[in-house]
Amino acid sequence: TLGRLSGLFPFSLAEMLIYFLAALFIFRIVCLLVKAAGKKPGVKKHFLDGLFTILLLAAIVFFLFEANEDVYFYRTTFAERYGYGTGSYSTAELEKVWTYLMKEANKSAGSVERDPNGIMKDSAGVGERVRKAMMNLGKTYPELSGWYPEAKGLMASFAMSRTGMAGIYSAYTIEANYNRDMPEYNIAFTMSHELSHLKGVLPENEANFIAYLNCMESSDSDIRYSGVLTGWIYCGNELLKRDRTAWEGIASQMKTDINADLNYNTEFWNSYKGTVQEAAQNFNDSYLKGEGQDEGVLSYDRVVDLIVSYEMQKLPTV
């Protein structure tokens, strides 16, 4: 119900609330200082009223966080429910899946729109198409069934880039928000990732996996390309750690179009590296560990186990 309400707004309601609360806080502080400077009566009462208001808002924030996010970290996981992921997979299996993803990425690379510099661009209405794809995915996985709002790009996407964030879920307004400034091949995958949180899928590796499933099941070339390329990157990073020779052999098959997207993505995120991004990553790492995800931000990478498990059930056993 709350998600439907916030979905009526074309902008991120959570973002607007942050600006409003920041302005309200500054206004109350200024009023208090003016009264104190003028030695007007009622300063003590004004201070207590302000303090109680802050405590009330804090209580509301805490309740919404517990009801809409925190509790879901301790539910039966999506992977457990549907039997994906074994916790271990061979390098040979990883290589087989990565080879498959390489072929699929090459197929998809030539069917997406590109700008004059050869960088992938999303087709029109990607947000609505991702939303519908998630609803369709719910037909296969009942846990994901039901209504979804459209993910919203933040006006303060520059700030997200500075912190190294692609997307964020608001438990207070039930909104999926994404960084609209980042390279566009990331957008459909990120939208799907954040929308999965709205269904109570909080572990980051599982949200990544659902984003992968949603994109791979789509018939839209830009959405599928977002999923296959992101999955290829995650699996490739793991293969590189295990067998560099195998990685180099498969990576040599990569089309020039894909390389252009990867280079642009690296340049974009590297341009924002610094103290702010490091601090944000450390905060997110501590938050995830506090919620029982012992690997912190590394838990995003654990999607590889789920992808390999899923694809090995489909690929020919040759």
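## Close-up views of a predicted model

**View 1. Cysteines C215 and C235.** C215 counts as buried, with a relative accessibility of 0%. The model shown here is predicted. C235 also has a relative accessibility of 0% and counts as buried. Which cysteine sulfur is closest to that of C215? It is the sulfur of C235, at 14 Å, which is too far for a bond. Seen from C235, the closest cysteine sulfur is that of C215, again 14 Å away. A disulfide needs the two sulfur atoms within 2.5 Å, so a gap of 14 Å rules out a bond between C215 and C235. The number of disulfides in the model is zero.

**View 2. The whole chain.** The protein chain has 318 residues, and 45% of them count as buried. How many helices and strands are there? The chain holds 14 helices and five strands. Its C-alpha trace spans about 85 × 45 × 35 Å along the principal axes.

**View 3. Y82 and Y141, an edge-to-face pair.** The model has 14 aromatic pairs. One of them joins Y82 and Y141. Their ring centres are 4.9 Å apart, and the planes meet at 85 degrees. An angle over 60 degrees counts as edge-to-face, so this pair is edge-to-face. Y82 sits in helix α4, residues 78–82. Y141 sits in the loop between α6 (126–137) and β3 (152–153). The two tyrosines are 59 residues apart, so the pair links distant parts of the chain. Are these residues buried or partly exposed? Y82 is partly exposed, at 23% relative accessible area. Y141 is buried, at 6%.

**View 4. W98 and W232, a stacked pair.** The ring centres of W98 and W232 lie 5.0 Å apart. Their planes are at 15 degrees, so the pair is stacked. Where do the two tryptophans lie? W98 is in helix α5 (residues 91–109), and W232 is in helix α10 (residues 221–242). The pair therefore ties together parts of the chain 134 residues apart in sequence. W98 is buried, with 0% relative accessible area. W232 is buried too, at 5%.

**View 5. A cluster of rings.** Which residues do ring pairs link into a cluster? They are F78, Y82, Y84, Y141, F209 and Y310. Y82 and Y141, the edge-to-face pair of View 3, are both members of this cluster.

**View 6. K199 over the ring of Y148.** Here a charge meets a ring. The charged end of K199 sits over the ring of Y148. The distance to the ring centre is 4.7 Å.

**View 7. The cavity and its lining.** The model has one cavity of 30 Å³ or more. How much space lies in the largest cavity? The volume is about 40 Å³. Its lining includes Y72, F73, R75, T76, T77 and F78. Also in the lining are G200, V201, L202, P203 and E206. By type, the lining has six nonpolar, three polar and two charged residues. F78 lines the cavity and also belongs to the ring cluster of View 5.

**View 8. Y185 in its loop.** Y185 lies in the loop between β5 (175–178) and α8 (187–197). Is this residue buried or exposed? Y185 is buried, with a relative accessible area of 3%. L33 is 152 residues from Y185 along the chain. The C-alpha atoms of Y185 and L33 are separated by 49 Å.

Methods:
Residues are numbered from 1 along each chain as its sequence is written. This is a predicted model: local features need pLDDT of at least 70, side-chain atom pairs count only at pLDDT 80 or more; totals for chains, interfaces and linings use all residues. Side-chain values use heavy atoms; hydrogens and water are left out. On a 1 Å grid over the protein atoms alone, a cavity is a set of points where a 1.4 Å probe fits but cannot get out, and a pocket is an open set with protein on both sides within 12 Å along at least five of seven lines; lining residues have an atom within 4 Å of a point. Grid points are joined across faces, edges and corners, and a volume is the space filled by probe spheres set on the points. Ala, Val, Leu, Ile, Met, Phe, Trp, Tyr, Cys and Pro count as nonpolar, Asp, Glu, Lys and Arg as charged, and the others, Gly among them, as polar. Rings of Phe, Tyr and Trp (its six-membered ring) pair if their centres lie within 6.5 Å; planes under 30 degrees apart count as stacked, over 60 as edge-to-face and the rest as tilted. Helices (H or I, at least four residues) and strands (E, at least two) are DSSP runs, numbered from the N terminus. Buried means under 20% relative accessible area, exposed over 50%, partly exposed in between (1.4 Å probe, protein chains only). A charge sits over a ring if NZ of Lys or CZ of Arg is within 6 Å of the ring centre and within 35 degrees of the ring normal.
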